[in-house]
Amino acid sequence: MGVVGAGRVGAVLGAALDAAGHRVVAAAAVSAASRERAARLLPRAAILPADEVARAADDLLLLAVPDDALAAVVAGLATTGALRPGQRVAHTSGAHGLAVLGDVEGLALHPAMTFTGAGTDLDRLPGIAWGVTTADRVFAARLVADLGGVPEWVAEDARPMYHAALAHGANHLVTLVNEAADLLRTAGIGDPSRVLSPLLHAALDNALRLGDAALTGPVSRGDAGTVGKHLDRLPPEATPAYLALARRTADRAIAAGRLRPQDATLLLDVLSRADVRSVA
């Protein structure tokens, strides 16, 4: 097999497949960081241009390139004749399904995991879910099993929603945690991670187990005065995100019966007035 895109995802998955017995013969690595990563994680693979990698991959070609670049990469490889009948092509995009591959036989194979490009990522792969779209579920299931994962079959038209869910949950979580850490530093806390770690681990565990029943805090209680104090002191760059999440939290708390509509009136009024101020 060959890997086009020795980024954080491609190099790690290539190494995992190689360890599972799939021989990675070639990889495309353009940047200095990608070349270093390929040398570290795929030491037996020849570093070649993308079309030569595709020609060397008789059985399976893994495309681990950015979502918006995927269609152009597939088209370019097809135009140069680097893709051949009988060769399977797998891409790691969460947002795309099979349509982006055109007439090429293949599968969408997206790991529901975040990657750093370090060897420690390999330890996180066993047991994770893979969002898979394919016409050949037998082959896909075997490939995912080789990676120690579990396939979740995603319909073609559901790929954008599937990917939005993961990006919203994981990527925005990083932003939210770092925003909270910045605010704690502003409040004089020298080590925000020490304060946040037990709290956030508990909140995440409760949310995954209990759903909206895990909601706590001033919004879920309708404590308009407390929320108003928050908004008075938050820096301008943090206010829009706080408002958006507070409104959505109130909606979910009301729908789940955690917050009575009559108790939410003052809270929603505070949020509306603060929204007007932030726009002004």
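## Reading burial, cores and helix packing

Tutor: Let's start with A82: its relative accessibility is 0%, so A82 counts as buried. Keep in mind that this is a predicted model.

Student: Okay, where does A82 sit along the chain?

Tutor: In a loop, the one between helix 4 (67-79) and strand 5 (88-91).

Student: And which residues does A82 touch, if I skip its sequence neighbours?

Tutor: Leaving out residues up to four places away in sequence, A82 touches D51, A54, R55, L77 and Q87. For a sense of distance, take D67: A82 and D67 are 15 residues apart in sequence, and their C-alpha atoms are 20 Å apart.

Student: What about R159, is that arginine buried or exposed?

Tutor: R159 has 0% relative accessibility, so it counts as buried. R159 belongs to helix 6. Its list of contacts, again without residues up to four places away, runs to S93, G94, A95, H96, G97, A108, H110, G131, V132, T133 and V154. As for V4, R159 is 155 residues from it along the chain, with 22 Å between the two C-alpha atoms.

Student: Now give me a contrast. Why does R124 count as partly exposed?

Tutor: Because partly exposed covers values between 20% and 50%, and R124 has a relative accessibility of 43%. R124 is in the loop between strand 6 and strand 7. Beyond its neighbours within four places, R124 is in contact with M113 and T114. The C-alpha atoms of R124 and M113 are 7.9 Å apart, and the two residues are separated by 11 positions along the chain.

Student: Let's zoom out. How much of the chain is buried?

Tutor: Of its 280 residues, 36% count as buried. The chain has 11 helices and eight strands, and its C-alpha atoms fill a box of roughly 65 × 40 × 35 Å along the principal axes. Looking at contacts with a separation of 6 or more, 56% join residues 24 or more positions apart.

Student: How should I read a nonpolar core, and which residues of the largest one touch the most other members?

Tutor: The general idea is that nonpolar side chains tend to be buried together in soluble globular proteins. Here, the largest nonpolar core has 31 residues, and M1, L42, L107, L109, L125, W130 and L143 touch the most other members. Two or more residues come from each of helix 1 (8-19), helix 2 (32-41), strand 4 (60-63), strand 6 (106-111), strand 7 (129-134) and helix 5 (137-146). Helix 1 gives the most to this core, with six residues. Apart from this core lies another, of 17 residues, including V4, A57, L70 and L83.

Student: Pick one of those members for me: what does L109 touch?

Tutor: Not counting residues up to four places away, L109 touches H91, T92, W130, G131, V132, L143 and V144.

Student: On to helix pairs. At what angle do helix 6 and helix 7 pack?

Tutor: Helix 6 (residues 159-186) and helix 7 (residues 192-210) pack at about 135 degrees, with axes 9 Å apart. That angle makes helix 6 oblique to helix 7. The crossing is right-handed. On the helix 6 side the contact is made by V177, A180, A181, L184 and R185, and on the helix 7 side by P192, V195, L196 and L200. By class, those residues are eight nonpolar, no polar and one charged.

Student: L196 is in that list. How buried is L196?

Tutor: L196 has a relative accessible area of 9%, so it is buried. Setting aside neighbours within four places, L196 is in contact with V177, A180, A181 and L184. D275 is 79 residues from L196 in sequence and 27 Å from it, C-alpha to C-alpha.

Student: And at what angle do the axes of helix 9 and helix 10 cross?

Tutor: The axes of helix 9 (residues 224-233) and helix 10 (residues 239-255) cross at roughly 160 degrees and come within 10 Å. Angles over 145 degrees count as roughly antiparallel, and helix 9 and helix 10 are therefore roughly antiparallel to each other. Their crossing is left-handed. V227, H230 and L231 of helix 9 make the contact with T239, Y242 and L243 of helix 10. That contact has four nonpolar, two polar and no charged residues.

Definitions and conventions. Residues numbered from 1 in each chain as written. Predicted model: local features only at pLDDT ≥ 70, side-chain atom pairs only at ≥ 80, totals over all residues. Heavy atoms only, no water. Axes fitted to C-alpha atoms, helices over the stretch in contact; angles between N-to-C directions. Helix = DSSP H or I, 4+ residues; strand = E, 2+ residues; numbered from the N terminus. Parallel < 35°, antiparallel > 145°, perpendicular 65-115°, else oblique. Left-handed = near helix turned anticlockwise from the far one by under 90°. Contact = heavy atoms within 4.5 Å. Nonpolar A, V, L, I, M, F, W, Y, C, P; charged D, E, K, R; others polar. Core = buried A, V, L, I, M, F, W, Y, C linked by side-chain atoms within 4.5 Å. Buried < 20%, exposed > 50% of the residue type's maximum accessible area, 1.4 Å probe, protein only.
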